[in-house]
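Okay, thanks for squeezing me in. I'd like to walk you through one structure today, so have a look at it first and then I'll start.

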Amino acid sequence: EVIQTLDKYFRLHNSDVTTKSLILNSLMKLTNYITSTNSQQAIEKAIEPYRHSMNLELQQRSNEYQVLMHNSTYDNLRKELLVKMPIVDEESYRRKKDNVLNSTLNSPTNQNTNTGDLMEDMLGLSMNTSNNNNNNNNNNNNNNN
């Protein structure tokens, strides 16, 4: 019943790519929980048309999922790939991120480095506006001569 409902919404003409991607993922996750042969065949039948989809995201996912379903060597991998994702606690994530940033910026190797030097190192950009202004003034003076 769940598979037929998902398949119905999968085939609706007004379902956008995001909805179809979520349904495709849901169908694949169901392969871990619904193991009857008929259900597996219904899932394969629902996924099959998207193997040749004009949308590359749907095409890629459906082909990858077909390989996972048909190759028995991937059975254990499929189960691990399609387990329920843990709920992310955003507050603890922010705290950990801030701690990592603070420890990185306060490490002994970074104590003599300012943000401008980091940006220049990472992006090849200079954040030092006084040097840029001096260079621009020198260029303007050279152009006037």
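Let's begin with contacts, meaning heavy atoms within 4.5 Å. Of the contacts in the protein with a separation of 6 or more, 52% are between residues 24 or more positions apart.

Before I go on, the small print. This is a predicted model, so local features need pLDDT of at least 70 and side-chain atom pairs count only at pLDDT 80 or more, while totals for chains, interfaces and linings use all residues. Residues are numbered from 1 along each chain as its sequence is written, and side-chain values use heavy atoms, with hydrogens and water left out.

Now the overall layout. There are eight helices and zero strands, so the pattern along the sequence is just α-α-α-α-α-α-α-α. Those elements are DSSP runs numbered from the N terminus: H or I with at least four residues for helices, E with at least two for strands. Of the 145 residues, 21% are buried. Buried is under 20% relative accessible area, exposed is over 50%, and partly exposed is in between, using a 1.4 Å probe and protein chains only.

What sits in the middle? I looked for nonpolar cores, that is, sets of buried Ala, Val, Leu, Ile, Met, Phe, Trp, Tyr and Cys residues joined through side-chain atoms within 4.5 Å. The largest one has 17 residues, and the members touching the most others are Phe10, Leu24, Leu27, Met28, Ile43 and Ile47. Two or more residues each come from α1 (2-11), α2, α3 and α4, and α2 gives the largest share, with five. As background, nonpolar side chains tend to be buried together in soluble globular proteins.

So, α2. That helix has 17 residues and reaches 25 Å from first C-alpha to last, close to the 24 Å expected at 1.5 Å a residue. The expected span here is 1.5 Å times one less than the number of residues. Its buried residues are Lys20, Ser21, Ile23, Leu24, Leu27, Met28, Leu30, Thr31 and Asn32. They pack against α1, α3, α4 and α5.

Next up is α4, residues 56-70. With 15 residues it should span 21 Å, and its end C-alpha atoms are 21 Å apart, which agrees. Leu58, Ser62, Tyr65, Gln66, Leu68 and Met69 are its buried residues. Why do I say they line one face? Because, seen down the helix axis, they fall within an arc of 160 degrees; the arc is that of the directions from the axis to the C-beta atoms. What covers these residues includes α2 (17-33), α3 (37-47) and α5 (75-81).

One residue to click on is Gln66, which lies in α4. At 4% relative accessibility, Gln66 counts as buried. Leaving out residues up to four places away in sequence, Gln66 touches Glu44, Ile47, Glu48 and Arg51. Flip to Ile47 and, with that exclusion again, you get Leu24, Leu27, Met28, Ser62, Gln66 and Met69.

At the start of α4, a side-chain oxygen of Asn55 reaches to within 3.0 Å of the backbone nitrogen of Glu57. Past the other end, Asn71 is in the loop between α4 and α5. Its side chain makes a polar contact of 2.7 Å with that of Thr73. By polar contact I mean a pair of N or O atoms within 3.5 Å; within protein, one must be able to donate a hydrogen and the other to accept it, and residues adjacent in sequence count only if both atoms are side-chain atoms. Asn71 is partly exposed, at 29%.

Last topic: charges. How many salt bridges does a search of the whole structure find? Six, where a salt bridge is a side-chain nitrogen of Lys or Arg within 4 Å of a carboxyl oxygen of Asp or Glu. Arg61 and Glu57 meet at 2.6 Å, N to O; being four residues apart in α4, they are separated by about one helical turn. Arg51 and Glu48 pair at 3.6 Å, and both are partly exposed, Arg51 at 28% and Glu48 at 34%.

Then there's α6, residues 90-105, where Arg95 and Glu91 are also four residues apart, about one helical turn. The closest N and O atoms of that bridge are 3.9 Å apart. Salt bridges with shared partners join Glu90, Glu91, Arg94 and Arg95 into one network.

That's what I had. Over to you.
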